[in-house]
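Q: I would like to learn how to read a model of this kind, feature by feature. Could we begin with a single residue and work outwards from there?

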Amino acid sequence: MSNINDLVRSFGMSGMLISEDLRQVESRLGLELGHQSSKSTENVTSYYPQFERKVRLEAAAMAKHYELFYCLEIAIRRLITDTLQESAGAGWWDSGRVPEAVRKGVQDRVKRDVDSGMTRRSDASIDYTNFGELTVIISSNWDLFGTILRSLRAVERVMSNLNLLRGPIAHCCPISEDEVTRLELSVKDWFRMIG
């Protein structure tokens with residue numbers, strides 16, 4: 001009997017060790033392997049069936065567009081941050097490289113976040129910029145970005161398209177097939193501009 005108890009204990013400990021190893025891999029690589037369910041996900045998904053099927057299908061279709069937009073916006077902000085940080089150092093935001101109007105707009109949005117009592121979306125000021133402001137930062141620093149991006153006019157055109165496409169995605173409206181194509185082309189255009 002003791003032998004069976006030892007085997008059960010050993011099996012349980014092995015499972016716990018494997019689970020901990022998986023948790024560490026998830027944490028280190030930023031993955032969710034699904035070996036443990038998330039309570040916050042369970043709480044949200046318990047309401048999911050209460051939404052109309054049509055809305056759930058639209059949400060699933062729009063999710064991939066949001067994901068693409070999210071990745072692109074992060075990539076653009078990183079390009080700007082890395083380029084300006086390389087030129088002006090860690091304090092690049094306040095170095096004079098970011099126009100005052102952009103910094104003021106960001107300052108207002110940060111204050112709105114703080115005044116709302118909710119968690120700030122980020123500690124990085126650039127994360128409070130919109131596409132129009134990102135375009136202004138790039139064009140104001142074309143001496144740096146001109147070596148990375150092929151054409152200022154192309155940047156302005158692509159960023160303008162992305163800004164228009166962002167609205168329906170950010171405000172939970174389905175987009176037409178034409179706009180899906182326009183989004184895909186705008187993303188291709190962005191990467192084609194990087195020289």
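A: Let us start in a loop, bearing in mind that this is a predicted model. R150 sits in the loop that joins α6 (142–145) to α7.

Q: Is R150 buried or exposed?

A: The general idea is to look at relative accessible area, where a value over 50% counts as exposed. With a relative accessible area of 60%, R150 is therefore exposed.

Q: Which residues does R150 touch, once residues up to four places away in sequence are not counted?

A: Leaving those neighbours out directs attention to contacts that sequence alone would not suggest. For R150 they are W142, R192, M193, I194 and G195. With G195, the C-alpha atoms are separated by 5.8 Å, although the two residues are 45 residues apart along the chain. With R192, a polar atom of the side chain of R150 lies 2.9 Å from the backbone oxygen.

Q: How many helices and strands does the protein chain have?

A: A survey of the secondary structure sets the frame for such details, and here it gives 8 helices and 0 strands. Read from the N terminus on, the elements therefore run α-α-α-α-α-α-α-α. Of the 195 residues in the protein chain, 26% count as buried. Among contacts with a separation of 6 or more, 60% are accounted for by residues 24 or more positions apart.

Q: Where is M159 found, and is M159 buried or exposed?

A: M159 is found in helix α7, and M159 is buried, because its relative accessible area is 1% and the limit for burial is under 20%. Beyond the neighbours within four places in sequence, M159 is in contact with I76, F131, L134, T135 and W190. Measures of sequence and space can also be set side by side: M159 and V187 are 28 residues apart in sequence, and their C-alpha atoms are 9.8 Å apart in space.

Q: How should T81 be read, as buried or exposed?

A: T81, which is found in helix α3, has a relative accessible area of 18% and so counts as buried. Leaving aside its neighbours within four places in sequence, T81 is in contact with W92 and I126.

Q: What volume does the largest pocket have, and which residues lie nearest its centre?

A: A pocket is best read through both its volume and its lining. The largest pocket has a volume of about 370 Å³ and is lined by 17 residues, of which Y66, E73, R77, R166 and A170 lie nearest its centre. Both α3 (53–88) and α7 (152–170) supply at least two residues of this lining, and the largest share, 6 residues, comes from α3. Sorted by class, the lining has 8 nonpolar, 3 polar and 6 charged residues.

Q: What does the lining of the second largest pocket have by class?

A: The second largest pocket holds about 200 Å³ of space, and by class its lining has 9 nonpolar, no polar and 1 charged residues. The residues that line the second largest pocket are V55, E58, A59, M62, A63, Y66, I169, C172, C173 and P174. Here α3 gives the most, with 6 residues. Y66 appears in this lining and is also one of the residues nearest the centre of the largest pocket.

Q: How many disulfides does the count come to?

A: A disulfide is a covalent bond between the sulfur atoms of two cysteines. In this model the count comes to 0 disulfides.

Q: Why is the sulfur of C173 not in a bond with the closest cysteine sulfur?

A: The closest cysteine sulfur to that of C173 belongs to C172, and because the two are 7.3 Å apart they are too far for a bond; the cut-off for a disulfide is within 2.5 Å. C173 counts as partly exposed, with 37% relative accessibility, and C71, at 48%, also counts as partly exposed.

Q: Where is the place of C172, and what is its phi?

A: C172 has its place in the loop between α7 and α8 (177–193), and its relative accessible area of 72% makes C172 exposed. The sign of phi is worth checking along any loop. For C172 phi is positive, at about 60°, although C172 is not a glycine.

Notes
Residues are numbered from 1 along each chain as its sequence is written. This is a predicted model: local features need pLDDT of at least 70, side-chain atom pairs count only at pLDDT 80 or more; totals for chains, interfaces and linings use all residues. Side-chain values use heavy atoms; hydrogens and water are left out. On a 1 Å grid over the protein atoms alone, a cavity is a set of points where a 1.4 Å probe fits but cannot get out, and a pocket is an open set with protein on both sides within 12 Å along at least five of seven lines; lining residues have an atom within 4 Å of a point. Grid points are joined across faces, edges and corners, and a volume is the space filled by probe spheres set on the points. Helices (H or I, at least four residues) and strands (E, at least two) are DSSP runs, numbered from the N terminus. Ala, Val, Leu, Ile, Met, Phe, Trp, Tyr, Cys and Pro count as nonpolar, Asp, Glu, Lys and Arg as charged, and the others, Gly among them, as polar. Buried means under 20% relative accessible area, exposed over 50%, partly exposed in between (1.4 Å probe, protein chains only). Contact means heavy atoms within 4.5 Å. A polar contact is a pair of N or O atoms within 3.5 Å; within protein, one must be able to donate a hydrogen and the other to accept it, and residues adjacent in sequence count only if both atoms are side-chain atoms.
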